Amino acid sequence: MGEEFLAQENNQGLLGGEVEVNVHIERVTDTYELTATLTGTVTVACTRCGTPAPVSVETQEYLLVKLGAEYQEESAEELIIPRGDARLDLTEILYEWVVLSLPITKGHAVGSCPPEWESLFRAHAAADPSEQQTPDPRWAQLLTQTQEQNHQEE
Ligand SMILES: [Zn+2]
């Protein structure tokens, strides 16, 4: 899958990339067993800063395709295609596999967004104290009490 193919449908958030696909198909009478290995890199909009970021793809997928009366998606791993028109467009399936393999939070690693964004995040965190991880004051109180108790026991 090349740059052009991966960038074609933008509704899934892929901006481009290069993914190598290896599909192995085994036929047993009316059943086709598909095993695919997808490896490569795709470009996505970073969930933190929104600028393009590379994400590596490495996934193994499995699909069972059976010939039947009409088209039907039995499950995520089982598909029935009509016997009379037994063609399967793999491109859509492969694209979906790539998208599904991506993590929910994707893009740059924490702290590795472009510098201008990182400084913006820091400024934002400083302006909003609730986003900073300050310990609950009640814990501090509890801790002091415990220390006092220990002191009395000595
Ligand atoms: Zn980023």
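Trainee: In what order do the five strands of the open sheet lie?

Mentor: This is a predicted model. Its sheet is open and the pairing is mixed. The edges are S1 (14–28) and S4 (72–75), each paired on one side only. From one strand to the next, the twist averages 25°. The order is S1-S2-S3-S5-S4.

Trainee: Which residue in S5 is the bridge partner of Glu-73?

Mentor: S4 and S5 (residues 78–82) run antiparallel. Three bridges join them. Across from Glu-73, the partner in S5 is Leu-79.

Trainee: What angle does the direction of helix H2 make with that of S3?

Mentor: H2 covers residues 90–101 and packs on the sheet. It touches S1, S2 (31–45) and S3 (52–68). Its direction and that of S3 make about 135°.

Trainee: Which strand gives the most to the largest nonpolar core?

Mentor: That core has eleven residues, among them Leu-6, Leu-38, Val-42, Val-44, Val-98 and Cys-113. S1, S2 and S3 each supply at least two. With three residues, the top contributor is S2.

Trainee: Which residue of S3's stretch in that core does Val-44 also contact?

Mentor: Set aside neighbours within four places in sequence. Val-44 then contacts residues including Gly-13, Leu-14, Val-55 and Leu-102. Core members include Val-57 and Ala-53, and S3 spans 52–68. The one on Val-44's contact list is Ala-53.

Trainee: Which element has the lowest mean pLDDT?

Mentor: The chain's mean is 82, and 79% of its residues reach 70 or more. S2 has the highest mean among the elements, 94. Where pLDDT is low, coordinates should not be read in detail. The lowest mean, 59, belongs to helix H4 (residues 137–153).

Definitions and conventions
Residues numbered from 1 in each chain as written. Predicted model: local features only at pLDDT ≥ 70, side-chain atom pairs only at ≥ 80, totals over all residues. Pairing = 2+ DSSP bridges. Helix = DSSP H or I, 4+ residues; strand = E, 2+ residues; numbered from the N terminus. Axes fitted to C-alpha atoms, helices over the stretch in contact; angles between N-to-C directions. Contact = placed C-beta atoms within 7 Å. pLDDT = per-residue confidence, 0-100. Core = buried A, V, L, I, M, F, W, Y, C linked by C-beta atoms within 7 Å. Buried ≥ 20, exposed ≤ 12 C-beta atoms within 10 Å, placed from the backbone.
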